[in-house]
Amino acid sequence: MTRPENGRFAARIAAGFAMGLLVPWIAPATPAGSAWAADATEPAKNGPAETIPHSLLRSRIEALLPAPWRIESLTVEPLTASPSPEARMSARVTATVVLGGPTYLVDSREGPVTFLRPAAEAGLTKSWVATALASQGPGGWTVALTPQSPGLLDGIGKPAAELPGRTVVLGTPEAKSLREQLDRDAAQRLAEDTERRLREEERLAQQAAAAKAEAARAETERRAVEARIAQVADLRGKLSGPDRAARLAAFEAALGGNDPALRQTAMDAALQSRDPVVANLALKDWIARHRAVPVQLYATKEDPSSEVVVQNLGPMTLEIDGFSPVNGALAGKLGAPGYSIARPSSIVGTLAQTELAVNSFGCALTLRLAEHRTLDGLLRCQTLPTLIARITLD
């Protein structure tokens, strides 16, 4: 090795030896603005030191090198240190480093599998150069390493064990098999996704068609309701209009049709009408559609005994066996079980406009159309008090 030519540096080394100083070697520490470095103390050793010990430098460099790099050889060339009150040594360190195993770079990742491509083969050598500076401080000697090419080992990759996932090297049979399996899995997922998308589109199309059909049905129903409202309103208008001929024609049309709602509407309007002709037509239609008509009986305030008679008579019924809408002639039976005079017997009766008169053996029933769709009147029987009678036009 070449000795330092600076006399003052040599004198300091000799003085240190004479005083029996221990020389501590500290792991290199990175100065401000420099790359790799570390600081550590090294036990002092007696004797002169012409340069930084190789063993100390080797251990510090090995701590800086990433796996699987190793030092094959190390050369230390002392340099002239700048004047300083502290004892310093400076050297240029050249380490020949060898890659101990192959390294790889990540090509792609698919799920748990990481595909690698080779970056460097085992045995690759690099020349790692740094400046070493040893100085003495209160705690002993320190050694700082400043690499001259900090990015020397960058981009060479890492060992496969240090890379994430299940590592597979491209170009190997395993990589080919895995790639084929991944392609099959991807194709199957694509087919399943396509089938699922088609099912979803079909479901959405069905929902859209159902919604469209429902909207069309609702619109048809709405129009039908509006048409129905207009039809009923038109019928009511004609039944309540000033033209009798129009009223009669509208009433007959409603009764002759097969629409129960219009027939009921016409009946309601006719029975509440003040036109006796239209009301007579409504009563004839009502009587022609009934066979047994209940007659409600009530006592009168004028005769206190009528209450007892009502209770004893029991339910009275008008049975209609025949009715002529042409002249309003009525035939049938009328009676109640309570008294022999009022027991069911044959009747003859007639409907004249809005009045119904029925005669049976010993009894006479006379009724007139009232405002609330009822036929109200009196029942007169021999030997019995007069009673109030009512037929409800349901």
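Trainee: Which residue is the bridge partner of V106 in β4?

Mentor: Start with the general idea: strands of a sheet pair through backbone hydrogen bonds, either parallel or antiparallel. Here, in a model that is predicted, V106 has L116 of β4 as its bridge partner. That pair belongs to a longer match, as β3 and β4 (residues 113-120) run antiparallel and are joined by 7 bridges.

Trainee: What is the strand order in the open sheet of 3 strands?

Mentor: Read across the sheet and you get β3-β4-β7, with mixed pairing. At the edges stand β3 (103-110) and β7 (166-169); each has a single partner strand, so one side of each lacks a neighbour in the sheet. From one strand to the next, the twist averages 35°.

Trainee: Which helix lies across β3, β4 and β7?

Mentor: That is α3 (residues 173-239), which runs at about 115° to β7.

Trainee: Now the barrel. How many strands does the closed barrel have?

Mentor: Follow the strands round: β8-β9-β10-β11-β12-β13-β14-β15 make a closed barrel of 8 strands, with antiparallel pairing. The twist here averages 30° from one strand to the next. For a single pairing, look at β10 (residues 329-335) and β11 (residues 345-352), which are antiparallel over 6 bridges. Within β11, S345 is the bridge partner of L334.

Trainee: Which strands does helix α6 lie across?

Mentor: Helix α6 (residues 276-288) lies across β8, β9, β10, β11, β13, β14 and β15, and runs at about 155° to β11. At its N-terminal end, D275 acts as a cap, with a side-chain oxygen 3.0 Å from the backbone nitrogen of V277.

Trainee: What span should the 13 residues of α6 have?

Mentor: Each residue counts for 1.5 Å, and the expected span is 18 Å; the end C-alpha atoms of α6 are 18 Å apart, which agrees.

Trainee: And which residues of α6 are buried?

Mentor: Among them are V278, A282, L283, W286 and I287. Some buried residues carry polar or charged side chains, including N280, K284 and D285.

Trainee: Which residues touch the most other members of the largest nonpolar core?

Mentor: To read a core, look for buried nonpolar residues whose side chains touch. F251 and L318 touch the most other members of this core of 49 residues, and α6 gives the most to it, with 6 residues. Leaving aside residues up to four places away in sequence, L318 touches several others, including V293, V295, L330, L334, I347 and I391. There is also a second, separate core of 25 residues, with I61, I71, V76 and I156 among them.

Technical notes:
Residues are numbered from 1 along each chain as its sequence is written. This is a predicted model: local features need pLDDT of at least 70, side-chain atom pairs count only at pLDDT 80 or more; totals for chains, interfaces and linings use all residues. Side-chain values use heavy atoms; hydrogens and water are left out. Two strands pair if DSSP finds at least two bridges between them. Helices (H or I, at least four residues) and strands (E, at least two) are DSSP runs, numbered from the N terminus. Axes are lines fitted to C-alpha atoms, for helices over the stretch in contact, and angles run from 0 to 180 degrees between N-to-C directions. Contact means heavy atoms within 4.5 Å. A nonpolar core is a set of buried Ala, Val, Leu, Ile, Met, Phe, Trp, Tyr and Cys residues joined through side-chain atoms within 4.5 Å. Buried means under 20% relative accessible area, exposed over 50%, partly exposed in between (1.4 Å probe, protein chains only). The expected span of a helix is 1.5 Å times one less than its number of residues. A polar contact is a pair of N or O atoms within 3.5 Å; within protein, one must be able to donate a hydrogen and the other to accept it, and residues adjacent in sequence count only if both atoms are side-chain atoms.
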